[in-house]
Each structure stands twice: as structure tokens, then as C-alpha cells.
Amino acid sequence: MADLTYLMNADPAGAANQFYTLARQYFVAAGSTVVDAPTKGQTIEGIFNDLKTKKTAQGTINIVSHAVGFGGIEGPITLADQTNGRTMTIADDMQDALANKTLAPPEPGIITDKTRIVLYGCDVGRSLNFLKLLSLLFGNPGELLAPRRLSMFKQDGTTVKYRQAQSWTLVRKVHLTPAGANEPTGGWPAFRTQFVKDASDKFGRAAILSEIDGDHRFTTILTTAASSATKAIGPAFFLEETLDVFPTGTQTAKQAADSIKPLSNGDPVTATAQSAAQVDDTTVVTTVSGTDAYPAKPDKSQYSITLILLAQIIDQDVLIAEGPGYARVTSSKGLAPSAGPKATGGGAGSGGGSGSGDADLLQAVTQQLLAAGVSQDDIDTLLASTPTGDATEDIDTDAPAAVPVEGDTGSGFPPTLETA
Amino acid sequence: MTLFSLLTAVGSDWKGFALTCHFSATADGVPLAVADDTKPFWSVPTTATTVTITATPTVPTFWPTTVTFDVGNTGALTPAGPTAAFVTVKDLHGAGVVLSFATVVLSRFKDVSDDVLKLLANPPATRQGRPAHVLQDYKDTYGVFPPQDWDLDDKPDAHFLDLPNPPQVVQGVSFSKDTSVHVDAENVVLRLAGVVAPKLWGVSWPATIDRNDAQPTPILLFLRQGNAQYIGSFFSGDGLGPYPDNFDYASFGLFDDMAYPEVDPFNQPGSKGVPYQAAKAGAKAVTVHPVNSLNEDFGVIESTKQMGRILLELQAFMFRRAGIATPPTTLGKTAIASFSSGTHILARILASPDNRGETFLNDTVNAVYFLDAPAWSVGDCVVAALAWAGAPERDKRVRFYTQDLWDPLKKVLPSPLPKEPFLANSPDNLRTLGLVSRTSWIGFVKNAINVQLPAADAWQYVHHATAAMLLTHALAQDDFS
């Protein structure tokens, strides 16, 4: 069965960011059945309605959506929400929908424990709560995966590749570039220098903890990434994300801004980075609150929180499995890892040389095995046989505190007696 | 036809828990490239006939393992060679592609039998700085020394404890030659990775314990005497290597407990011949001999949780080296024997709050034996053993053998006791008290080898002889079935 891919929207006419356009090209080339978004944009209810028409159990369902690490994907839950002007789904929306049973999942038999739902968007996978709620909303598929990092589709000649990017986020009270300008106030060199300094201050502690001289190495990494970055999407680039604050009821814009509770672009990180190279938004969480909001309009009728990200593309195929690139929630045993659809002309394992490349090779083989008639059950069985747990747990290597007995002189050598 | 063959590997312990490893591989002896050696992925040449994987754990508590595969015409890998049971491989076949997924089983034990034989060939030339004739002393005891292998040869002229048939609640003590005693066993020395002690483990696995039927293994764990008494005299100094890599640990610490002297244990009861006694008793049990260190004695196994876990690991290793890839997941009934100051170590283990109620000690250990507990130890031994044994319904066995009837021992069996020498059981066979005095032993020695044991040497001689010849009685009490 071909993958099913839902685009949550389309790119605005003339948009510089061709996210949906490139995604469509990518999935079509890979043989996926692509469902374009309606004119007003897709909703989760719209996806469910389409799934119901399939009347069959689904394998992989891809959902392509702009998303933010603060826990939101493009497209509201219901058509009614859309009519009411909602454009995003956040965790609170799903919580309400589940509590009020606003939207029932497709009937049993369509979403099953063999169904894999994969999100293609930006870093929403850093919120486990968001993923759990989305999984519940979809009726507990076998697994649901979402990216921990910035995600993008990249034109490479005549093909499109799916890539992720490492990112470092700073909170700012000014836009990346003034309206109508192509570079920051003071020019790119000065902006880069200040960004690297501020980011080194913010992320440096994690880098110090990660390895000896980690802070210096981190600054070197950051300086290299920023050295040629601009707003243009390239190997490294700067990106602005804006959280607009809208007053409700009788609130003034300022009151609305002040009421914002702390909001993070991911769950608290419990594991330290193992090297300076791993220190980024996946290992250092950014939290914003009302104090980060600033008037977005001269008349202070609207407040915003601006985040500036330095991003550096990881030019490797993305492993669609629990790992540094993707988070997963599951209601059953894990399904086979997947490299996702392969773009036509894109060779498997062409990244070359890294462990990720090895994993990609495994995925590529898995895909070929599936295509050759090996059942998903067989692959699942193989994966289920992978050792789990920790063989070293509870192994003691030292002696207990008890000391050897003193005064023991009982066991000298007995005499040797020669047989007479 | 296979166009390409891919191989990946993961590490695990015997129970299937994951173990991170660095992997390397060769195909027909040629190294295969790998990018991340902890998550390896090799492309196997289609012309390859043999593939070898070495898994090196990232922790010091497991040994590296090397496994070999034959490559079939379809590209499928089949484990081969002596480590075949240490790997499982699963294949997924597609058109032109085969993916082999190997799970390499690493063990905390490895076979060092040959290494320890070499230690036996390298005795110290001095003791406490003075010239010594250690090698000659051992030749005098064993006839041929160092041994060429770990076989325990027949001892047709050795005296063994007579065992009445049928068994009796109270029996007298006598010794006879028994040419039918034959230690038909696989005897090996294993080394446990990453612990302070015990690092060496002697194992005598009787042929009667068939590994093909994968039944839980009955075990006799023999705790020799504590080593604190030997600080300054044995095990260190005089050019001896660090624990456990020297002659004293190999000989005094292990070989002497497994072997019998050249002719008769009456000649030198320092040699305990535990596997011989098990054979004489008809005990269907594997005998296991942890080698205690000078400074840490029995180290990690003072925790019975660790003791049980290590014995499970040992069982799994021995099954796999016999080619059985599915070892039992539990142990059979286990008895712990202890000698001299080792009795106090056993008492400490039984009485430890950390061990109380622990599953292995509570459920698997079925019997404890105390071989001539010294006066300073015997009170603690009786208290700890009887407390551990508890009510008769628990069916725990406690057996003491002694040359002196110390007061605490009178709690083991009710009065009146038989006339010395005796080996007496309680009617339910859950308790034993064996009392054989020095006077009696002097008579047995005279009868057996026609030598008058000097009174001045009697205590030391009898101390060892109690372990070297009366353990047989305990092993005949059906504690392993």
C-alpha cells in the first residue's frame, strides 16, 4: 500500500518559502498518494473524513505541516474551528477536543496498531505531551513520530530531499530585519558576531558540561555556522519565528502580553549533551513569557515575542525512528524504522560515512524487503527480537563493606603423611 | 541470486538484555569497513565464505566475544565453530538482498583453563624471602606436577568415606577404597570480568548433568577458607603476580580444592578433592570453586543477589560452550559448603540484612554445610544457619561436621547424641551433625595408610581432613534433587 500524505496547507502565492510545494513534489516522486489541502487549508477533521472514505487499514500516513517547537501545527482540529478563524492546533486545543469528544477518530480498522503517522514539519516533536495528545486524537495508531528539529524540503537538481537542521534559538525584542530590509540593522557581520556571543552565553554551560573545553568548541561551531548565514535558505541561515499575542475579551494588548505564562519550545531536557556538537535547541530548551513580549505595532495594539534561530542543515537522509531527529509515541511494539519515501533519483545511503548513513542503509534494505514481499509482521518480529534493557544493571563489582575476619589462623598446611 | 548481503549486529547478555559494544568484522579474513562501530552495518562481499564478528563491550564487566559464520549460497549466515551458540542470527530475504541481524551474546565469564595451568607451572622460588621448594612439595603430593590438563584422574587407592546403603539416620565412620569412583566431568577454570573478587572460578561439570535437556543446574558452591590469615605468608610477595595471576591462587586457592593427592587423601588432606567426593556420594551437582582474594576474600558474592546472578551467568556460559544456545533461566537446587574460616564468611552471608529474604538465598539455596568451623566461628554459624533454615516446612538443610563438640553445635541435633565418632541426621534429614575427634582420626589414619599421626599435627590434619573426606556425607544426603 502506498503511503498516504496530507498537506495541511499550500504556499501563499509568491512566497519565498516553498515548503508545501517542495513537499508535494517530494512525496509524489516517492509514489505516495498526496492529498492536497482544501482552499481554506486542511483540518484534522478533514483528514479523518478523507480516511473514512478509504475504508481500509492504513499503513503510513504522512502529515506535512508548518509547525513550531512551542507546540503547534498548522491547521485547526475541526472545520468549525477553521470557520471561527483558527489556523493552528496546539496542545490545549487537543486537550479540549478529547475532553469534549469534539472529534471522534476514524472508526476502528482504519487507524490500527500497524499504522504509522509521521509528521513532517518543524521541531514539534520536542513536546511529548503534544505527541501523546495527537496520538489520542488519531485513535492510538501503532506509532506517531514527529521531528525534534527544524525540518525542510530541499531542492537538489531535479529532485527534492527531506532534511533537518540543527538550530540555536535566541529571544529578541526586534525583528530579524526591519520591514522592507534584507539585512539586520547594523549589517550581517555585526549581527552574526552578536548572535554568536549571545548564543555562546546561553548554550555555553551545556557545552562546558558536555566535554572538556566544550565552550570553546561550541563557539567555534557556532561561528562557522553563522559565518555566511543570512535569511536565504542555504547550508546555514537565520530564521525568525514570531509568537503574536492576541487579547481576548476586554483585555488590552499589554494585559494579554503580561498574562502569557512561561512557554517552552520543548520538554525539559533530562539528558546532557555528550559533546559540544550536540548542544543546540534539542538539548537546551528556550522558555518565553510575558516579559519577552514587545509592542509589534507603534500604537501598542499588538504584542509579539520574536525568536531568532540560527539553523544549519544536516545534509543527510532523515531517519524516521526514535532518535535525535524524531520523537515517537507508540501504542504497540515499534514498527520497522523507515527512511521515509525516497525521492526519485535520490540514491539510498548516499550520505556516506556516518552512522546515520548506516541506519539509512538499513532502512533502505527494509524498504526493499517490504517491496519484495517481506511482511511487516516479519520485520516487526525481527525488531522485537532486538535486545532491550540493560545487561549491566545491578552488577556489583566491588566487595561489600564487611572486612575479612581477624584472628583467623586456623588453616595452615596439614602435614603430608607418607604411606607406610 | 543475492546481489548484496548486509549484516548488522547487536550485543546482549545471556538473558537477552542489551549490551553496548564496539564491533569489528572480517570476511574471509579481510576487515570490513564500518562507520559507527557501536551500530555496525557491514556490506558482505558476495564471494565471502566466512564472516567473523568480534564484539567488545564498552563496560569492563563482560568479556569480548568473537563469533564466526559460514556464508551460504543465498548470502545467509550460519553460526559456526566453538562459539556458535554465542550468537543468533535472523535473516530477512528480499529480491536480491539479504539482511542478517546477528545478536552476539557476551558473557561475564571466559575460559582461562590453559592460562591457569601455566600459573601452576610457575611456583615462587622463595617464601618470605627464604628459598623454598614449592614445586617439589607439590610433586610430592600429586606425583605429576604441574598437571598437563584439568582432568581429575581416577584414584584407585584412595580411601573414601563409607556410605551405608540404604542411608542411615545415624551412621558410624569408616573409610574404604572404592575403585568405582570416577570423576567423569568437564573441568574448567573461568575468569569473571570486572569484579574485585572472585575473579577465578573452578568448575567441575559432571557428565551426568546433561546440558541437552536444559534443566536448571544443581550446584555445590565451595567456599574455601578465608585468606586474611595468609597475609604476609602466601598469595603475595616473593615475586608473585597480583590477584589472581600467580601460583598460589592457582594451586592453594583452587587446584588443591579440586584435586586429590597422587594416592590417597589420607596422605595430604590439604587436597579436598571436592569433585571426587561428589562422585563418591553420587551427588548430581556441578561443583563450583570461587577463588577468594587475599584482601577481599569472596568479594561480590557476599551479596547473594550477586552470587545468584553470577551462577546463572556461569550456567549460561557452560551451556553455550557445550553448544546449547538456550540455557535454563533458573538454577537448580544449590548447596553452599564452607571450610574453616570460610564457615564464618558463610555465616556472615546468611545473617546479612542485605541478603535476608533475597530470592536466590531464600528460594534456590537448599543447603549449607559447615566443615570444621573453628571455635571462634561456630556460634555465629549455628545461629545464622538455623535462622536461615527456619521452620521444617521450608525444607532447608543444615549440616555441620566437626572435630570438637563445641557447645553451640548441641543446638543442631537434640540430645542424646550418638557415641563419637558419628554422622547423625535428624529424622527428617534436615540437620546433620558429624563429630569425628582427633583421636578417632588418628586411628583412621593408622588403619588406612599405616602412619602414626603425630598428636602435635593432629588438629591441623583433622581440620583439613574433615573437609577432604566428610563432605562426602553431606553430598550423599539428596540435597540436590
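## Strands, helices and one buried serine

Leu190(B) sits opposite Trp201(B), a residue of strand E17(B). That pairing is a good way into this predicted model, so to speak, and the exercises below start from there.**Exercise 1. Work out which strands flank E17(B), and how they run.**

Step 1. Start with strand E16 of chain B, residues 185–192: E16(B) and E17(B) are antiparallel partners, with seven bridges.

Step 2. Now look for another partner. Strand E19 of chain B, residues 286–291, also pairs with E17(B) in the antiparallel sense, this time over five bridges.

Step 3. Pick out some facing residues. Trp201(B) stands opposite Pro290(B) in E19(B), and Val203(B) has Val288(B) of E19(B) opposite. Trp201(B) also faces Leu190(B).

**Exercise 2. Decide whether the residues of E17(B) are buried or exposed, and sort them by the way they point.**

Step 1. Count them: E17(B) covers residues 200–206, and seven of its seven residues are buried.

Step 2. Recall a general pattern. Side chains in a regular strand alternate between the two faces of the sheet.

Step 3. Sort the residues. One way point Leu200(B), Gly202(B), Ser204(B) and Pro206(B); the other way point Trp201(B), Val203(B) and Trp205(B). Both sets are buried.

**Exercise 3. Do the sorting again for E19(B), then find its parallel partner.**

Step 1. Check the cover: six of the six residues in E19(B) are buried.

Step 2. Split them by direction. Val286(B), Val288(B) and Pro290(B) point one way, while Thr287(B), His289(B) and Val291(B) point the other way.

Step 3. Find the parallel partner. Strand E18 of chain B, residues 219–223, runs parallel to E19(B) and is joined to it by three bridges.

Step 4. Look at Val288(B) in E19(B): Leu221(B) stands opposite this residue, and so does Val203(B).

**Exercise 4. Lay out the five-strand open sheet of chain B and name its edges.**

Step 1. Write down the order, E3-E2-E5-E6-E7, with antiparallel pairing.

Step 2. Look for strands that pair on one side only. These edge strands are E3 (30–31) and E7 (77–80) of chain B.

Step 3. Zoom in on one pair inside the sheet. Strand E5 (residues 50–57) and strand E6 (residues 65–71) of chain B run antiparallel and share six bridges. Within that pair, Phe69(B) in E6(B) is the bridge partner of Val51(B).

**Exercise 5. Describe how helices H1 and H3 of chain B meet.**

Step 1. Take the geometry. H1 (residues 113–120) and H3 (residues 247–258) of chain B pack at an angle of about 105 degrees, and their axes are 7 Å apart.

Step 2. Name the arrangement: with that angle, H1(B) is roughly perpendicular to H3(B).

Step 3. List who touches whom. From H1(B) come Val116(B), Leu119(B) and Leu120(B), which meet Phe247(B), Ala250(B), Ser251(B) and Phe255(B) of H3(B).

Step 4. Class them: the contact has six nonpolar residues, one polar and no charged ones.

**Exercise 6. Explain why Ser303(B) counts as buried.**

Step 1. Place the residue: Ser303(B) is in the loop between E19 and helix H5 (304–321) of chain B.

Step 2. Count its neighbours. Ser303(B) has 23 other C-beta atoms within 10 Å, and the cut-off for buried is 20 or more. Ser303(B) is therefore buried.

Step 3. Add one distance. Ser303(B) and Ser352(B) are 49 residues apart along the chain, with their C-alpha atoms separated by 8.5 Å.

**Exercise 7. Sketch chain A, and mark where to be careful.**

Step 1. Begin with the overview. Chain A has ten helices and 16 strands, and buried residues make up 44% of its 420 residues.

Step 2. Check the contacts. Of those in chain A between residues at least 6 apart in sequence, 73% join residues at least 24 apart.

Step 3. Add a sheet. Three strands of chain A form an open sheet in the order E4-E5-E6, with antiparallel pairing. Its edge strands are E4 (67–68) and E6 (88–90). Two bridges join E4(A) to strand E5 (residues 72–74) of chain A, and Val68(A) stands opposite Gly72(A) in E5(A).

Step 4. Check the confidence. The average pLDDT of chain A is 82, and 86% of the residues score at least 70. Over residues 342–358 of chain A, though, pLDDT stays under 50. Where pLDDT is low, predicted coordinates should not be read in detail.

How values were computed:
Residues are numbered from 1 along each chain as its sequence is written. Chains are lettered from A and ligands numbered from 1 in the order in which they are written. This is a predicted model: local features need pLDDT of at least 70, side-chain atom pairs count only at pLDDT 80 or more; totals for chains, interfaces and linings use all residues. Axes are lines fitted to C-alpha atoms, for helices over the stretch in contact, and angles run from 0 to 180 degrees between N-to-C directions. Helices (H or I, at least four residues) and strands (E, at least two) are DSSP runs, numbered from the N terminus. Angles under 35 degrees count as roughly parallel, over 145 as roughly antiparallel, 65 to 115 as roughly perpendicular and the rest as oblique. Two residues are in contact if their C-beta atoms, placed from the backbone, lie within 7 Å. Ala, Val, Leu, Ile, Met, Phe, Trp, Tyr, Cys and Pro count as nonpolar, Asp, Glu, Lys and Arg as charged, and the others, Gly among them, as polar. A residue is buried if 20 or more other C-beta atoms lie within 10 Å of its own, exposed if 12 or fewer, and partly exposed in between; C-beta atoms are placed from the backbone. pLDDT is the predictor's confidence in each residue, from 0 to 100. Two strands pair if DSSP finds at least two bridges between them.
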